[in-house]
Amino acid sequence: MYIVDDDASMREALSSLMRAFEWQVRTFETAAEFLAHARPNLPACLVLDVRLPVTSGLELQRILAQRGDALPIVFMTGHGDVPMSVKAMKAGAVEFLLKPFSDVELLDAIDLALERDAAGIGERAELDEIRQRMASLSPREHEVLALVVEGMLNKQVAARLDIAEDTVKVHRHNLMKKMGVRSLPDLVRLAERV
């Protein structure tokens with residue numbers, strides 16, 4: 001659990017609540033402190049104040065999105081408005097809580113965020129594995145893959161690449177083996193995911 005809030009008493013109260021549920025908690029006063037912290041690849045949640053000095057919570061959300069960091073965010077604020085909450089939610093926030101909020105509201109939002117992040121970590125790991133398999137393909141296997149995924153038959157691929165149909169079959173067999181699939185539909189699904 002990560003908490004970013006410039007109010008020390010709020011950081012301490014939230015940290016105490018979360019530690020009561022045996023969550024590991026790191027607190028930060030500013031967005032810059034949080035961004036400088038290296039995070040392990042474990043399910044996590046960022047409880048973030050909207051109004052921070054220098055870099056706002058909404059700006060921190062934008063920075064994380066630009067980095068491709070899908071860490072789920074639960075926003076909190078004492079000075080929120082509808083446009084602000086809509087902007088945060090459209091950008092992927094799990095929840096937008098107005099202070100004072102109940103412990104139950106916060107804990108429910110955190111549970112949802114942790115569930116999403118756990119699922120996201122699994123999805124990202126799968127995609128990384130698929131990308132590694134694709135990186136193992138030779139340049140010619142990449143060409144064959146692209147054409148096969150388009151729906152071309154071996155004969156059509158051979159004509160397009162100006163190679164023998166038997167050569168296409170060999171490349172197709174090798175790329176399917178490297179990609180860890182047994183059927184054309186499985187190969188197409190993997191290629192589409194990437």
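This briefing covers two pockets, one helix and one loop proline. The model is predicted. Its largest pocket holds about 510 Å³ of space, and the second largest has a volume of about 180 Å³. Helix α8 spans residues 165-179, and proline 100 sits in a loop between β5 and α5.

**The largest pocket**

- The space in this pocket comes to about 510 Å³.
- Its lining counts 23 residues, and the closest to the centre are Pro40, Asn41, Leu42, Pro43 and Ala44.
- Helix α5, residues 103-135, gives the largest share of this lining, with six residues.
- Sorted by class, the lining of the largest pocket has 13 nonpolar, six charged and four polar residues.

**The second largest pocket**

- Here the volume is about 180 Å³.
- This pocket is lined by 13 residues. Nearest its centre lie Ala70, Leu71, Pro72, Ala91 and Gly92.
- Two elements, α3 (57-66) and α5, each give two or more residues to the lining of the second largest pocket.
- The largest share, three residues, comes from α3.
- By class, the lining of the second largest pocket splits into eight nonpolar, three charged and two polar residues.

**Helix α8**

- How many residues does helix α8 have? The helix has 15 residues, and its first and last C-alpha atoms lie 21 Å apart. That is close to the 21 Å expected at 1.5 Å a residue.
- Six names make up the buried set in α8: Val168, His171, Arg172, Leu175, Met176 and Met179.
- Seen down the axis of α8, these buried residues fall within an arc of 130°, so they line one face of the helix.
- Which exposed residues does the face of α8 turned away from its buried side carry? They are Asp166, His173 and Lys177.
- The buried residues of α8 pack against four helices: α5, α6 (139-149), α7 (154-161) and α9 (184-193).
- Glycine 180 follows α8, and the phi of this glycine is positive, near 75°.

**Proline 100**

- Where is the place of proline 100? It is in the loop between β5 (95-98) and α5.
- Is proline 100 buried or exposed? Proline 100 has a relative accessible area of 81%. Exposed means over 50%, so proline 100 counts as exposed.
- Along the sequence, proline 100 and threonine 77 are 23 residues apart. In space, their C-alpha atoms are 8.5 Å apart.

Methods. Residues numbered from 1 in each chain as written. Predicted model: local features only at pLDDT ≥ 70, side-chain atom pairs only at ≥ 80, totals over all residues. Heavy atoms only, no water. 1 Å grid on protein atoms, 1.4 Å probe; cavity = no way out; pocket = protein on both sides within 12 Å on 5 of 7 lines; lining within 4 Å. Points joined across faces, edges and corners; volume = space filled by probe spheres on them. Nonpolar A, V, L, I, M, F, W, Y, C, P; charged D, E, K, R; others polar. Expected span 1.5 Å × (residues − 1). Buried < 20%, exposed > 50% of the residue type's maximum accessible area, 1.4 Å probe, protein only. Arc of directions from axis to C-beta. Contact = heavy atoms within 4.5 Å.
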